[in-house]
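Student: I would like a close look at one part of this structure, with the surroundings brought in where they help. Please take it step by step.

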Amino acid sequence: MDVSYLLDGLNERQRAAVSAGEQDMLVLAGAGSGKTRVLVHRIAWLIQVMNYSPFSVLAVTFTNKAAAEMRGRVEKLLGRDVQRMWIGTFHGLAHRLLRAHYQDAGLPQNFQILDSDDQLRLLKRTIKALNLDEKQWPAKQAGWYINGKKDDGLRPQHIETWDPAEKTFLQIYQAYQEACDRSGLVDFAELLLRAHELLRDNKHVREHYQKRFRHILVDEFQDTNQIQYAWVRLLAGADNHVAIVGDDDQSIYGWRGAQVENLQHFLRDFPRADTIRLEQNYRSTSTILKAANQVIANNSDRLGKDLWTEGTEGEPITLYSAFNEQEEARYIVAQIKQWQDQGGALSDVALLYRNNAQSRVLEESLLYASLPYRIYGGLRFFDRQEVKDAVAYLRLVSNRQDDAAFERVVNTPSRGIGERTLSLVRELARNEQTTMWNAARKMVNESMLSGRARNAVASFLDLIAQLEVECADQPLSKQTDRVLKGSGLLAMYQAEQSDKAETRVENLQELVSATESFMPSGEEDMTPLAEFLAHAALEAGDEQADAYQDAVQLMTLHSAKGLEFPLVFMTGMEEGTFPSQMSSGEPGRLEEERRLCYVGMTRAMEKLVMSYAESRRLYGQENFHRPSRFIAEIPSELITEVRVQTRIEQPAARRSRFHTSASHEAFSETGFQLGQRVLHQSFGEGTVLNYEGTGPQSRIQVNFDDAGSKWLVVAYAKLTPLR
Ligand SMILES: Nc1ncnc2c1ncn2[C@@H]1O[C@H](COP(=O)(O)OP(=O)(O)OP(=O)(O)O)[C@@H](O)[C@H]1O
Ligand SMILES: [Mg+2]
């Protein structure tokens with residue numbers, strides 16, 4: 001058979017990696033050098049040329065989206081489907097292992113995944129139950145503590161501490177874990193830890209998979225944490241082969257426990273591994289690549305890589321300075337329209353930002369301009385309130401011991417079960433070391449509640465029992481439909497009659513279609529419902545209604561990893577936003593932010609646009625910041641600066657109650673406009689942001705580059721207009 005096509009479109013070093021014999025390898029290379037492409041071709045090579053069954057190859061990627069893409073690309077190369085092949089994220093694969101071996105893992109068969117939001121809720125309740133003050137012991141912090149410990153492979157009994165604060169967190173960890181275990185709930189970090197323990201402690205399970213997975217391949221290896229790497233080592237055993245690809249310059253999850261040192265550990269633990277370096281970038285124009293290389297050169301302790309391209313020079317990087325985030329969004333939308341007018345596809349455009357919260361203003365501008373968009377991460381379909389409510393019903397119907405689901409829906413829609421009643425149920429559950437369901441049942445049976453409360457709780461318990469009967473042996477979409485109607489959820493939102501409620505109804509309907517089109521794999525003894533619930537908890541944004549529409553792609557810089565787009569906007573390039581406030585004091589974290597900037601820039605193929613706003617309202621607060629230091633790290637000859645061209649009217653959202661049309665005229669008379677640059681004798685240069693009052697009393701707000709924001713009386717300020 002002619003297999004040369006598997007090496008087509010690869011350079012010499014890539015070919016060497018793809019066609020290597022039975023061996024371990026590390027492909028260490030910069031962004032866009034074809035690492036992922038090598039991995040895909042290697043998998044096809046193993047199957048086609050070295051005659052491995054797809055069944056004996058394990059491939060790990062970083063997101064579900066990347067996993068789906070990888071599977072698709074392998075299938076295209078092979079010309080057949082590889083459904084049986086294990087391609088997934090660490091979390092997804094861990095979940096699959098736990099399902100298949102739930103007994104060995106000490107889990108109930110119908111265990112459920114607790115996502116981050118549910119985890120936080122459960123932590124809040126745990127902290128309350130321990131009579132701790134949530135202000136002093138915030139649930140979020142407890143979550144970080146617990147997840148961090150789990151990522152390091154530590155159970156409460158492994159932790160010893162003299163630190164009184166840590167002692168309390170440890171106590172929360174313990175109580176939280178007990179609650180999870182009682183309810184058959186597994187959080188994200190627990191998936192990894194438990195799967196690790198399963199492989200470590202069960203020889204037969206471990207040996208089974210060691211025999212099975214002859215080749216293990218891991219993409220984005222620089223962002224594995226300790227437990228993930230420990231897992232790879234366990235699975236690899238003595239005579240399997242591991243190929244990892246990564247780029248130390250793109251390690252951006254240190255804050256979540258990823259260890260870039262794993263790259264070195266790999267070379268130590270797999271001493272026979274070949275290191276292959278790729279140096280040609282095939283993704284970006286030389287301008288973009290040069291700029292990205294310059295930025296990352298400011299970091300220390302790099303493994304060091306040279307990246308070059310034969311690509312064209314392309315356009316310079318556009319830098320846009322806006323006076324606030326609204327105006328930034330308007331500029332971006334105008335640019336996207338222009339791109340569209342020139343025949344560009346919307347799905348070729350990515351808007352990247354540092355924090356999820358930054359997306360709202362961008363979304364509003366896109367909506368206003370009727371440009372369809374999709375968001376990855378953040379506002380995932382399965383994260384939306386109504387969808388979570390519906391899923392919680394499904395969970396409770398399939399497992400009554402699921403406390404998180406119980407809490408979520410017991411009084412949604414409202415059925416007169418108040419906080420007082422619930423706290424009685426919680427208390428009994430706690431005292432008897434049992435679940436909410438069991439406690440509630442007992443309270444009803446033994447008349448431990450007042451008449452009304454008892455009836456309300458009893459009818460809820462009956463409702464769930466009834467739904468279970470109605471759902472038995474029904475197809476998944478019928479079950480979902482039954483639950484939506486029977487629970488009263490759908491009716492509740494239908495009755496609400498607001499735009500928001502309408503969207504919620506649509507989302508619930510979308511959930512039914514999602515279950516309709518869901519194809520359970522039928523493996524590992526899972527019911528379709530159990531598989532769907534796991535999918536809902538693990539999938540990020542892949543199920544949005546407009547998945548196939550041509551739409552602008554919005555995502556955080558973190559979730560853009562591994563992807564590429566012809567036109568990329570990096571928004572919010574301001575000190576305090578990016579690099580983030582928290583990182584500025586710590587050199588280590590600042591370097592991680594710089595790597596994130598490198599990741600962002602190297603997503604762009606043809607054109608990169610960076611923008612910053614002099615004033616930004618975020619989380620309800622207005623802040624003034626200078627342009628990000630990363631901008632200054634780009635050689636100026638690679639940048640074209642665009643300034644605010646048309647002075648725009650005050651955006652509605654920003655109009656304060658002081659503003660009257662009279663003051664607007666008075667303001668205009670002063671000769672200054674919003675966004676205008678001005679010079680003050682003692683404060684120096686700044687930008688006009690706001691104004692109030694009329695006549696001689698009128699005041700003007702200026703954000704000075706060095707002195708910060710100040711309100712000044714126009715008549716006395718002696719401002720000199722610049723530009
Ligand atoms: N030898 C090659 N010839 C032509 N195009 C290539 C070659 N190798 C890779 N490419 C293309 O270059 C782009 C980048 O490749 P790929 O995504 O595999 O890079 P990567 O190293 O994984 O990047 P990242 O570090 O961002 O994950 C892709 O569009 C890919 O198809
Ligand atoms: Mg890649």
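Student: Which residues touch the most other members of the largest nonpolar core?

Tutor: This is a predicted model, and every value below is computed from it. The largest nonpolar core has 197 residues, and those that touch the most other members are I43, L352 and A390. Each of the three gives a place to start.

Take L352 first. Leaving out its neighbours within four places in sequence, L352 is in contact with M555, L557, A560, V568, F569, M570, T571 and G600. Some of these contacts can be placed on named elements. Strand β13 covers residues 565-570 and helix α24 covers 587-601, with a loop between them. That loop holds P579, and the peptide bond from F578 to P579 is cis, with omega near 5°. A cis peptide bond also joins T412 and P413, where omega is about -5°. P413 sits in the loop that runs between α16 (403-409) and α17 (419-431).

Next comes I43, which belongs to the contact between α2 and α3. The axes of α2 and helix α3, residues 64-78, come within 9 Å and cross at roughly 45°. An angle of that kind is neither roughly parallel nor roughly perpendicular, and α2 and α3 are therefore oblique to each other. Their crossing is right-handed. On the α2 side the contact is made by V40, H41, I43, A44, I47 and Q48, and on the α3 side by M70, R73, V74, L77 and L78. Sorted by class, the residues of this contact are 8 nonpolar, 2 polar and 1 charged.

Just beyond α2 there is a backbone detail to look at. The loop between α2 (35-48) and β2 (57-61) contains N51. N51 is not a glycine, yet it has a positive phi of about 60°. N51 has 7 other C-beta atoms within 10 Å and is therefore exposed, since 12 or fewer count as exposed. N131 also has a positive phi of about 60° without being a glycine. N131 lies in the loop between α5 (116-129) and α6 (139-151). With 6 C-beta neighbours inside 10 Å, N131 counts as exposed too.

Helix α6 also holds K149, and here the count goes the other way. K149 has 20 other C-beta atoms within 10 Å, so K149 is buried, the cut-off being 20 or more. Apart from neighbours within four places in sequence, K149 is in contact with L154, I159 and Y173. K149 and G257 are 108 residues apart along the chain, while their C-alpha atoms are separated by 9.5 Å.

The third residue is A390, which lies in α15 and takes part in the meeting of α15 with α20. Helix α15 (residues 385-398) and helix α20 (residues 476-487) pack at an angle of about 105°, with their axes 10 Å apart. That angle makes α15 roughly perpendicular to α20. From α15, the residues A390, Y393, L394 and V397 meet Q479, T480, V483, L484 and S487 of α20. The contact of α15 with α20 has 6 nonpolar, 3 polar and no charged residues.

For another pair of helices, consider α8 (residues 188-201) and α10 (residues 226-236). Their axes are 10 Å apart, and the packing angle is about 25°. α8 and α10 are therefore roughly parallel to each other. The crossing of α8 and α10 is left-handed. In α8 the contact is made by L192, L193, A195, H196, L199 and R200, and in α10 by I227, Q228, A230, W231, L234 and L235. By class, the contact of α8 with α10 has 9 nonpolar, 2 polar and 1 charged.

Finally, burial can be followed along a whole helix. Helix α12, residues 286-296, is mostly covered, with 9 of its 11 residues buried. The buried residues of α12 are T287, I288, L289, K290, A291, A292, N293, V295 and I296.

To return to your question, the residues to mark in the largest nonpolar core are I43, L352 and A390. I43 is found in the contact of α2 with α3, and A390 in that of α15 with α20, while the contacts of L352 include V568, F569 and M570.

Notes: Residues are numbered from 1 along each chain as its sequence is written. Chains are lettered from A and ligands numbered from 1 in the order in which they are written. This is a predicted model: local features need pLDDT of at least 70, side-chain atom pairs count only at pLDDT 80 or more; totals for chains, interfaces and linings use all residues. Axes are lines fitted to C-alpha atoms, for helices over the stretch in contact, and angles run from 0 to 180 degrees between N-to-C directions. Helices (H or I, at least four residues) and strands (E, at least two) are DSSP runs, numbered from the N terminus. Angles under 35 degrees count as roughly parallel, over 145 as roughly antiparallel, 65 to 115 as roughly perpendicular and the rest as oblique. A crossing is left-handed if the near helix is turned anticlockwise from the far one by less than a right angle, and right-handed if clockwise. Two residues are in contact if their C-beta atoms, placed from the backbone, lie within 7 Å. Ala, Val, Leu, Ile, Met, Phe, Trp, Tyr, Cys and Pro count as nonpolar, Asp, Glu, Lys and Arg as charged, and the others, Gly among them, as polar. A nonpolar core is a set of buried Ala, Val, Leu, Ile, Met, Phe, Trp, Tyr and Cys residues joined through C-beta atoms within 7 Å.
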